Amino acid sequence: APGASAWVPDRPTLARLRTAVQDCRGCELYRDATQGVMGEGRTPARLMLLGEQPGDREDREGEPFVGPAGGVLDRALADAGVDPEQTYTTNVVKHFRFHTVGKRRIHDSPGRAHVTACAPWLAAELSLVRPAGVVLLGATAGKALYGTGFRVGEARGRLQDWPELVEAPGPPWVLATVHPSAVLRARDDRQAAYDGLVADLRVARTALD
Ligand code: URA
Ligand code: SF4
């Protein structure tokens, strides 16, 4: 795949990125997806929330974290005392990757090639948002940035350096935590999973003070 750089505007604004991502052919994921989903929020913002890729709802609506996982994330941010006016929310990969079973669209994790191809969009967002910190949501986003050895259970809840893997002006710190959809998947221990997410987000909020 050629990668997205040829489609990223030279002097980006969020509005320009949102338009330009619809033309991106940096990898094959644009083919089956409904649209590209650019990030959303303040530019600049103190905190960037970085998910994996748009889900089914995000693909249809064109905005990140508008589905069930987004509901969990919003509630957890509020419980952690993070001001939503200080955040920018986006994904490592901008198009939804999925396979179909009958009429259902089932999420597939993006591969390393998709992450690498899509990184110029993230770099452009980082240059606009210039966050003090990035919260990395979930094991897949973690592996995408830190490599296959990344274990969210080990890495979560503490401040780390921006990975060298993604060529972008890195923020001062990254804090990994579980993906909000993992909270939804947890059955008996959903409350514990939610509390863990909130506790990690509190660490991020404290680092912003
Ligand atoms: N999950 C993600 O990682 N990102 C979204 O935008 C929605 C669900
Ligand atoms: Fe371009 Fe990223 Fe979409 Fe691939 S996933 S086509 S690199 S915007």
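**Exercise 1.** How far is a nitrogen atom of ligand 1 from a polar backbone atom of Gln53? Find this contact, and then look for others around the ligand.

*Solution.* Keep in mind that this is a predicted model.

- Step 1: Start at Gln53. One of its polar backbone atoms is 2.9 Å from a nitrogen atom of ligand 1. A polar contact is a pair of N or O atoms within 3.5 Å, so this pair qualifies.
- Step 2: Go to Glu52. Here a backbone N or O atom lies 2.9 Å from an oxygen atom of ligand 1.
- Step 3: Turn to His179. This residue uses its side chain: an N or O atom there is 2.8 Å from an oxygen atom of the ligand.
- Step 4: Look at the cover. On its own, ligand 1 has 240 Å² of accessible area, and the protein covers 92% of that.

**Exercise 2.** Describe the surroundings of ligand 1 and those of ligand 2.

*Solution.* Let us take the two ligands in turn.

- Step 1: List the residues around ligand 1. Among them are Gly51, Pro54, Glu58, Phe65 and Asn91.
- Step 2: Sort that shell by type. It holds 3 nonpolar, 5 polar and 2 charged residues.
- Step 3: Name the space. Ligand 1 takes up the largest pocket.
- Step 4: Now do this for ligand 2. Its neighbours include Cys24, Cys27, Tyr30, Lys94, His95 and Trp121.
- Step 5: Sort this shell too. It divides into 8 nonpolar, 2 polar and 1 charged.
- Step 6: Name the space again. Ligand 2 sits in the largest cavity.

**Exercise 3.** Phe65 has a positive phi although it is not a glycine. Is Phe65 buried or exposed? Work out the answer, and then treat Arg130 in a similar way.

*Solution.* We go residue by residue.

- Step 1: Read the angle of Phe65, which is about 50°.
- Step 2: Place Phe65 in the chain. It belongs to the loop between α2 (56-61) and α3 (68-79).
- Step 3: Check the accessibility. Phe65 counts as buried because its relative accessibility is 11%, and the cut-off for buried is under 20%.
- Step 4: Move to Arg130. Its phi is near 45°, again positive in a residue other than glycine.
- Step 5: Place Arg130 in the loop between α4 (112-129) and β6 (133-137).
- Step 6: Arg130 has a relative accessibility of 56%, so it counts as exposed; exposed means over 50%.

**Exercise 4.** Which two residues does a cis peptide bond join?

*Solution.* Two short steps are enough.

- Step 1: Look at omega. It is about -5° for the bond between Thr43 and Pro44, which is cis.
- Step 2: Locate Pro44. You will find it in the loop between β1 (40-41) and β2 (47-51).

Conventions. Residues are numbered from 1 along each chain as its sequence is written. Chains are lettered from A and ligands numbered from 1 in the order in which they are written. This is a predicted model: local features need pLDDT of at least 70, side-chain atom pairs count only at pLDDT 80 or more; totals for chains, interfaces and linings use all residues. Side-chain values use heavy atoms; hydrogens and water are left out. A residue is near a molecule or strand if one of its heavy atoms lies within 4 Å of it. A polar contact is a pair of N or O atoms within 3.5 Å; within protein, one must be able to donate a hydrogen and the other to accept it, and residues adjacent in sequence count only if both atoms are side-chain atoms. Accessible areas come from the Shrake-Rupley method with a 1.4 Å probe; for residues, only the protein chains shown count as cover. On a 1 Å grid over the protein atoms alone, a cavity is a set of points where a 1.4 Å probe fits but cannot get out, and a pocket is an open set with protein on both sides within 12 Å along at least five of seven lines; lining residues have an atom within 4 Å of a point. A molecule sits in a cavity or pocket if more than half of its atoms lie within 2 Å of its grid points. Ala, Val, Leu, Ile, Met, Phe, Trp, Tyr, Cys and Pro count as nonpolar, Asp, Glu, Lys and Arg as charged, and the others, Gly among them, as polar. Helices (H or I, at least four residues) and strands (E, at least two) are DSSP runs, numbered from the N terminus. Buried means under 20% relative accessible area, exposed over 50%, partly exposed in between (1.4 Å probe, protein chains only).
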